[in-house]
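Me: I am new to reading protein models, and I would like to look closely at one part. Could you walk me through a strand and the aromatic rings around the fold?

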Amino acid sequence: MSKHAILRMTKLYAPTLKETPSDQDIASAKLLVRAGMIRKEASGLYTFLPLGMRVLHKIQNIVREEMDSHEAQEVLMPFVQDAELWRRSGRWGVYGDEMMRLTDRHGNEFCLGPTHEEVITDLVQNELRSYKDLPRNLYHIQLKFRDERRPRFGLLRSREFIMKDAYSFDADEAGLDASYALMRDAYVNITERMGLRYRVVEADTGEIGGSGSEEFMVLADTGEAEIAYCECGYAADVEAASGKAHPTVYAADSMEKVATPGVHTIAELAEFLKCDESATVKAFSGKDAEGTVWVLFVPGDHEVNELKASQLISGFEPLTDEEMQESGLVKGSMGPVGLPAGVKIAADSSLAEVPAWVVGANEDGFHYVGAKLGHDFTVDTWGELCEIAEGDSCPVCGKPLELARGIEVGQIFKLGTKYSAAMDATYMAEDGTEKPFVMGCYGWGVSRSLAAAVEQCHDEDGIIWPAAIAPAEVVVIPLSMGDDLVEPAANELAEKLAEAGFEVVIDDRDARAGFKFADADLIGWPVQVVLGKRGLKNGEVEVKRRAEGEKVPVALDDVVDAVAKALKA
């Protein structure tokens with residue numbers, strides 16, 4: 001194994017802070033600033049200090065290795081982009097205020113690149129001329145700039161960030177599928193090599209466009225997105241997730257109108273009837289593209305998913321309180337029995353298995369129990385309308401779904417011909433005709449994944465870096481610098497660990513033990529080796545794995561093996 005240079009805390013520019021910065025709003029931002037890895041320059045703009053750069057380089061190296069081994073080739077495209085390219089794709093006027101536009105001294109318009117579809121398409125359109133030149137996949141690691149209205153969450157939503165984006169060019173959809181599968185495999189490897197818990201979820205294509213997309217989500221309690229997943233491998237954003245709810249039945253022999261004074265919510269209704277919320281039915285009103293009023297029904301322990309409602313009912317949008325009143329609907333007491341003429345009913349498919357419903361009576365202060373499906377009312381349209389809840393059945397295997405929050409670190413897209421057709425980027429097909437490239441796009445947030453790792457891997461004392469992306473693997477902590485036993489032993493041990501191929505830092509500062517321990521936990525070195533006079537006299541040091549926190553005595557001769565074992569744990 002090659003020897004790494006030993007880092008010394010007395011030489012490192014790693015200004016740690018004891019106090020939590022007041023201008024940072026989430027754990028990763030607070031800890032990265034306190035640990036001396038980043039500094040805020042302005043809203044959404046950060047400087048990376050040496051320790052932060054070491055983490056960035058490790059992430060970039062992992063990304064490069066996986067891209068290179070999955071048939072992608074590295075280029076470097078400009079950060080500043082010509083407006084004419086964006087006009088050719090049709091996006092110059094529609095991208096939005098997040099694009100930072102500027103004009104040079106000659107009056108030419110440019111932008112700070114928020115993404116690079118236009119640049120890469122322009123690059124290859126005159127040089128990949130034949131089907132024989134395909135497939136090709138080009139990537140770069142470059143700055144991006146998006147002028148966020150409210151930059152927040154530190155590196156997770158900054159204005160300037162570091163991103164890897166790759167673009168594949170194929171002759172047809174089958175080729176795109178193969179390129180997409182290669183990049184998906186690369187992204188799985190990247191996330192696993194970083195040592196992070198994650199899920200791959202179905203995703204919306206958003207402003208990038210295209211026919212299909214998946215997101216790589218790092219699981220973290222502070223994640224901006226909520227995802228539903230199953231042990232079988234199924235995962236999706238809750239907005240897009242499918243599943244089956246499990247409503248329960250309220251025992252009633254026939255429909256009965258019950259006075260429910262002051263009851264307007266499902267929680268109040270369940271409390272009044274002394275039943276579970278899943279035994280009631282929730283109502284939600286809206287209208288379709290033609291203005292027809294609909295009332296939607298879902299199990300009482302679920303919410304209506306408006307995205308799914310719009311997929312089931314064309315042009316669906318919720319009614320305002322005023323529109324409800326004009327339509328003859330009673331807010332807080334809607335039900336399928338006795339609705340005004342012309343109002344249509346849609347219901348979640350799970351309710352088809354419930355023979356009698358607990359619903360509003362379309363009269364303030366009254367509800368029906370035991371309203372029988374097919375006898376007291378009918379449903380015009382059945383479909384999936386529920387927002388996913390924990391315990392719903394997985395659409396793939398039927399097992400209970402779990403919910404978690406996630407931070408998107410990567411996204412892959414099947415772009416198709418969206419950009420190549422718009423920019424007239426074609427190749428000569430085997431039959432002699434000109435056809436537009438079939439493209440894919442694959443983005444990985446390098447600086448974002450650094451922050452996501454901290455969001456997932458930290459405790460009240462600081463960061464707990466996965467070994468693969470830590471600024472160094474092991475810190476040697478001599479408790480008394482200047483001591484004629486401790487200091488030489490610490491230097492010798494650091495050299496021995498470096499000779500064995502580990503990345504080593506030695507805390508050679510003349511500081512109290514408690515200060516060194518606090519900094520070691522804050523910075524998050526994966527393994528700590530502590531040398532004290534008493535232990536050394538017995539031929540021992542203490543080894544602590546940061547993720548576990550317990551110091552274990554280890555014989556000096558066994559330290560290298562102990563560190564290797566701790567890093568693999």
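Reply: Here is a walk along one strand, its partner, and then some ring pairs.

This is a predicted model, in which local features need pLDDT of at least 70, side-chain atom pairs count only at pLDDT 80 or more, and totals for chains, interfaces and linings use all residues. Residues are numbered from 1 along each chain as its sequence is written, and side-chain values use heavy atoms, with hydrogens and water left out.

Let's start with strand 19, residues 356-360. Strands (E, at least two residues) are DSSP runs numbered from the N terminus, as are helices (H or I, at least four residues). Of the 5 residues in strand 19, 5 are buried, so the strand is largely enclosed by the rest of the structure. Buried means under 20% relative accessible area, with exposed over 50% and partly exposed in between, using a 1.4 Å probe and protein chains only.

The partner is strand 20, residues 366-372, which pairs with strand 19 in the antiparallel sense over 4 bridges. Two strands count as paired if DSSP finds at least two bridges between them. Within this pairing, Trp-357 stands opposite Ala-371 of strand 20. The hairpin has 5 residues between the strands, and there Asn-362 takes a positive phi near 55°.

Now for the rings. A search of the whole structure finds 10 aromatic pairs. One of them joins Tyr-187 and Phe-216 edge-to-face, with 5.4 Å centre to centre and 70° between the planes. Rings of Phe, Tyr and Trp (its six-membered ring) pair if their centres lie within 6.5 Å; planes under 30 degrees apart are stacked, over 60 edge-to-face, and the rest tilted. This pair links distant parts of the chain, 29 residues apart: Tyr-187 belongs to helix 5 (residues 173-193) and Phe-216 to strand 11 (residues 212-219). Tyr-187 is buried, at a relative accessible area of 0%, and Phe-216 is buried with a value of 0%.

Trp-357 brings us back to strand 19: the ring centres of Trp-357 and Phe-377 are 4.7 Å apart and their planes lie at 55°, so the pair is tilted. Phe-377 sits in the loop between strand 20 and strand 21 (381-383), 20 residues from Trp-357, and the pair links distant parts of the chain. Both Trp-357 and Phe-377 are buried.

Finally, ring pairs join Tyr-187, Tyr-198, Phe-216 and Trp-444 into a cluster.
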